[in-house]
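Work through the exercises below with the coordinates open. Each task is followed by a solution in steps.

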Amino acid sequence: MLTVSSLLYMIIVGLVIGLIAGAITRGSGLGWLGSIILGIVGSVVGSFLVGLIGITSYGLIGQIIVGVLGACIVLAIAGWITSRRPV
């Protein structure tokens, strides 16, 4: 069940993940909301991909590492899609 505290935790961790991934990929800055969304989506993507190869992450640091990995992948795919769009 999604409680207020778990939602707040997800938003804060998502923000941290989004900011780190944006700094790694040298993004132009997505703003607070964009970073939160990127972090949450990146966590889902990262958890899915890491789960496919049979690795589990434990604790906050593990969640952040997996989330940053997923967010970087999401940013790379988004950059690839937007750069291939005809003008």
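The exercises concern a predicted model, and they go from helices to single residues to a pocket.

**Exercise 1. Check the length of each helix against its expected span.**

Step 1. The expected span is 1.5 Å times one less than the number of residues.

Step 2. H1 has 21 residues and should span 30 Å; its end C-alpha atoms are 30 Å apart, so expectation and model agree.

Step 3. For H2, with 22 residues, the expected span is 32 Å, and the end C-alpha atoms lie 31 Å apart, which agrees.

Step 4. H3 has 25 residues, an expected span of 36 Å and end C-alpha atoms 36 Å apart, which again agrees.

**Exercise 2. Determine where the buried residues of H2 lie around its axis, and what covers them.**

Step 1. Buried means under 20% relative accessible area, and exposed means over 50%.

Step 2. By that criterion the buried residues of H2 are Ser35, Ile36, Leu38, Gly39, Gly42, Ser43, Gly46 and Val50.

Step 3. These buried residues are on the same side of H2, because they cover an arc of only 165° around the axis.

Step 4. A general point on helix geometry applies here: an α-helix has 3.6 residues a turn, so residues three or four places apart point the same way.

Step 5. Exposed residues on the other side of H2 are Leu33, Val44, Phe48 and Leu52.

Step 6. The cover over the buried residues of H2 includes H1 and H3.

**Exercise 3. List the buried residues of H1 and H3, and state which helices they pack against.**

Step 1. In H1, the buried residues are Val13, Gly14, Leu15, Ile17, Gly18 and Ala21.

Step 2. They pack against H2 and H3.

Step 3. In H3, the buried residues are Gly62, Ile64, Val66, Gly67, Val68, Gly70, Ala71 and Cys72.

Step 4. Their packing partners are H1 and H2.

**Exercise 4. Classify Ser35, Leu38, Ala71 and Ile81 by accessibility, and find the contacts of the buried ones outside their sequence neighbourhood.**

Step 1. Ser35 lies in helix H2. Its relative accessibility is 4%, so Ser35 counts as buried.

Step 2. With neighbours within four places in sequence set aside, Ser35 is in contact with Gly14, Leu15, Gly18, Leu19 and Leu30.

Step 3. Leu38 also belongs to helix H2. A relative accessible area of 6% makes Leu38 buried.

Step 4. Beyond neighbours within four places in sequence, Leu38 is in contact with Gly18, Ala21, Leu30, Ala71, Val74 and Leu75.

Step 5. Ala71 is part of helix H3. Its relative accessible area is 0%, so Ala71 is buried.

Step 6. Under the exclusion of neighbours within four places, Ala71 is in contact with Ile17, Ala21, Leu38 and Gly42.

Step 7. Ile81 is in helix H3. At a relative accessible area of 47%, Ile81 is partly exposed.

**Exercise 5. Set separation in sequence beside separation in space for three residue pairs.**

Step 1. Leu38 and Leu15 are 23 residues apart in sequence, with 8.0 Å between their C-alpha atoms.

Step 2. Ala71 and Ser35 are 36 residues apart along the chain, and their C-alpha atoms are separated by 9.6 Å.

Step 3. Ile81 and Phe48 are 33 residues apart in sequence and 21 Å apart in space, C-alpha to C-alpha.

**Exercise 6. Find the residues with positive phi that come after H1 and H2.**

Step 1. H1 is followed by Arg26, which has a positive phi near 55°.

Step 2. Just after H2 comes Gly54, with a positive phi of about 85°.

**Exercise 7. Describe the largest pocket by volume, lining and residue class.**

Step 1. The largest pocket holds about 190 Å³ of space.

Step 2. It is lined by 13 residues, and the closest to its centre are Val13, Ile17, Ser43, Ser47 and Gln63.

Step 3. Helix H1 (4–24), helix H2 (31–52) and helix H3 (59–83) are the elements that give two or more residues to this lining.

Step 4. H1 gives the most, with five residues.

Step 5. Sorted by class, the lining has seven nonpolar, six polar and no charged residues.

How values were computed
Residues numbered from 1 in each chain as written. Predicted model: local features only at pLDDT ≥ 70, side-chain atom pairs only at ≥ 80, totals over all residues. Heavy atoms only, no water. 1 Å grid on protein atoms, 1.4 Å probe; cavity = no way out; pocket = protein on both sides within 12 Å on 5 of 7 lines; lining within 4 Å. Points joined across faces, edges and corners; volume = space filled by probe spheres on them. Helix = DSSP H or I, 4+ residues; strand = E, 2+ residues; numbered from the N terminus. Nonpolar A, V, L, I, M, F, W, Y, C, P; charged D, E, K, R; others polar. Buried < 20%, exposed > 50% of the residue type's maximum accessible area, 1.4 Å probe, protein only. Arc of directions from axis to C-beta. Contact = heavy atoms within 4.5 Å.
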